[in-house]
Every structure is written in structure tokens, then in C-alpha cells.
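Q: I have a sequence and a model in front of me. Can you show me how to read its features one at a time?

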Amino acid sequence: MEGKMRGWPVPPPKQPTKRREQFIKERRKKVRELIRQGYLKSERIKEAMLSVAREDFIPDVYRDYAYLEVPFPLPGTEATISCPHSYPLLYEPLGLTAGQRFLEIGLGSGYGTALAREIVGPKGLVVSIEIDPLTFEFAARNLKNAGYTDLILVQGDGGRGYPKFAPYDSICITAACMDIPPPLIEQIASGGKLIAPVIEHGTQNLVLIQKTGKRIERNVICEVLYVSLRGEYGAGY
Ligand code: SAH
């Protein structure tokens, strides 16, 4: 029987059987597909998607399906690992690249965090905030097992951002909000960008914000489907 999640059919849970070599093949195929489909363009994002093992960020019972274009449920309330294409969809317009200071709201599985770490490289900084304690624990374990030790992982309400390391060159919100939380706009560096799913007229639009001095430019990229932002600036805000 197929489960349904947010419009995507989720295949049934099962014990993992695939070996690492099989996943590597599937990962390379997925990267080629995302390039062909026009989602994946920059070399650094391509390299990151080839090097991070997505299967290590997925609960065991869905591990074999790691490279399907499906979001899978994670431990915690309403957390999912997004579809593979959604990472270049967010990171390409942000222009995420080497040396940047990156803030993520919604750590989820930790997969997007690992990709960002690979993309910004040793001179960059990655901060990620997760509101759900169970999801936070899951992601922190995945990232530690994958060997990432230089990330700033915060358990709390990401709507408030993380002023300690602000401003950020790139901010990515991976949960849908009614409005972009003002503290996050505040924490964008001049010349920096923020990307977020924003609920508008009953649908979600992926919105890209670019800040130049005090000027804010706002562009809608496409329609998307994400879980709702919680906390002080959550969907009721
Ligand atoms: N980037 C993640 C996507 C996770 S889904 C991944 O691909 O794995 C969205 C996540 O945002 C969920 O884990 C949810 O718990 C978290 N979230 C929702 N509201 C939040 C808030 N105010 N602060 C931080 N995290 C939040």
C-alpha cells in the first residue's frame, strides 16, 4: 500500500538492502538527471551533490529509496527530507558558493546542511537551526556520523535567526511562512540573499530576496510545497 504525503506518494517502509556501490551509481545518475533538467548548474553544487551520501540522511526504512524524487518523513513532528531537486532549486538562485556565511532554518535531516558545508568550503560558515528536538537529534547524529564537525547546529526557533554570527551571505528557510520573519531579513548581509517558501493566496511561492544596502528586491521563482514554519513567526503569524 502506498502512503500519501503532501501530494507525493511515499513508497512503503522496508528494511534497507542496497550496498554503497549501488547508491553511488544512483547518486551519479541523479546528478546527471538534475543537470539535464536544468536544476543543477554550478560546479560547486554539482560536486557537493556527488560527494554527500543522501542515503545516510534518510531513516533506515526509506534508505533504499534515497534517490527517488520523494520527500520522506523524519523523526519529530512534521519534518521531512526534501526531494533531491529541491536543493539546487534553493541553492542555485541563492548563488551559494565558496567562502560564504550560510544560515539554514529547518535542519531536518541535515542533508542540505552537509551540502552547504561542502559548497561554502573551509573558509565559509554554516549555521543551521531546528525547532523540533527529535528532528534535531536525528540530524545531529547523521552529520556527526558523516564526519561533519565544524557546523554550528542550534536547537531553537529559527524565525529569530542567529544574530551571533550575522550577517549572512545566504539564508535558506526550508519551511513555509506567511511572511519572511523580519529578524531574518535583518540578518542578510548587504549584497546577500534569502530564499523561502511563502504562503500567498493559498499556494506556496518560492521567494528570493536580495538585499543591497537598505534596498530589498523580491522575486518569485516558482510554486513549491513545504511543511509550515513553527514558532514565533509560524504559519499563524
Ligand atoms: N532542509 C531539511 C528540510 C526539513 S523540513 C531537509 O531537507 O532535510 C522543515 C524543517 O523545518 C522541519 O524539520 C521542521 O521541524 C523545521 N522547522 C519548522 N519551523 C521551524 C522554526 N521556526 N525554526 C527552526 N526549524 C523549524
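Q: Let me start with a single pair. In β11, which residue is the bridge partner of L206?
A: Strands of a sheet pair through backbone hydrogen bonds, either parallel or antiparallel. Here the model is predicted, and L206 is bridged to C222 in β11.

Q: In which sense do β10 and β11 pair, and over how many bridges?
A: They are antiparallel, with nine bridges. β10 covers residues 203-212. β11 covers 215-224.

Q: What lies between β10 and β11 in the hairpin they form?
A: Two residues separate the strands. One turn residue to look at is G213, with a positive phi of about 60°.

Q: How many bridges join β9 to β10?
A: Eight, and these two strands also run antiparallel. For one facing pair, find I195: it stands opposite L208 in β10. β9 and β10 form a hairpin too, with two residues between them. In that turn, H201 has a positive phi of about 50°.

Q: Now the whole sheet. What is the strand order?
A: Read from one side to the other, it goes β7-β6-β5-β8-β9-β10-β11. That makes seven strands in an open sheet with mixed pairing.

Q: Which strands stand at the edges, and why is one side of each left without a neighbour?
A: The edge strands are β7 (152-155) and β11. Each has a single partner strand, so its other side has no neighbour in the sheet. As for twist, neighbouring strands are turned by 15° against each other on average, direction ignored.

Q: Which strands does helix α3 lie across?
A: α3 (residues 86-94) lies across β5, β8, β9, β10 and β11. Its direction is at about 145° to β9. Then look at α5 (residues 133-145), which lies across β6 and β7. α5 runs at about 165° to β7.

Q: Is β10 mostly covered or mostly uncovered?
A: Covered: seven of its 10 residues are buried.

Q: Which residues of the largest nonpolar core touch the most other members?
A: To read a core, look for buried nonpolar side chains that touch one another. This core has 48 residues, and the best-connected are F72, I81, Y91, F102, Y111 and L115. The elements giving two or more residues are α1, α2, α3, α4, α5 and β10. α4 gives the most, with six.

Q: What is Y111 in contact with, leaving aside neighbours within four places in sequence?
A: Its partners are M49, V52, R54, F57, I81 and Y87.

Q: Which residues does the second core include?
A: Among its 22 residues are A196, V198, V207 and V227. This core is separate from the other.

Q: Why does the radius of gyration agree with a compact globule?
A: The idea is to compare the chain with a rule based on its length. For 237 residues, a compact globule would be near 18 Å, and this chain has 17 Å, so the two agree. The C-alpha trace spans about 50 × 35 × 35 Å along its principal axes.

Q: How many helices and strands does the chain have, and what share of its residues is buried?
A: There are six helices and 11 strands. Of the 237 residues, 53% count as buried. The chain exposes about 11000 Å², and carbon and sulfur atoms supply 53% of that area. Finally, among contacts between residues at least 6 apart in sequence, 59% join residues at least 24 apart.

Terms used
Residues are numbered from 1 along each chain as its sequence is written. This is a predicted model: local features need pLDDT of at least 70, side-chain atom pairs count only at pLDDT 80 or more; totals for chains, interfaces and linings use all residues. Side-chain values use heavy atoms; hydrogens and water are left out. Two strands pair if DSSP finds at least two bridges between them. Helices (H or I, at least four residues) and strands (E, at least two) are DSSP runs, numbered from the N terminus. Axes are lines fitted to C-alpha atoms, for helices over the stretch in contact, and angles run from 0 to 180 degrees between N-to-C directions. Contact means heavy atoms within 4.5 Å. A nonpolar core is a set of buried Ala, Val, Leu, Ile, Met, Phe, Trp, Tyr and Cys residues joined through side-chain atoms within 4.5 Å. Buried means under 20% relative accessible area, exposed over 50%, partly exposed in between (1.4 Å probe, protein chains only). The radius of gyration is taken over C-alpha atoms; the globule rule is 2.2 Å times the number of residues to the power 0.38. Accessible areas come from the Shrake-Rupley method with a 1.4 Å probe; for residues, only the protein chains shown count as cover.
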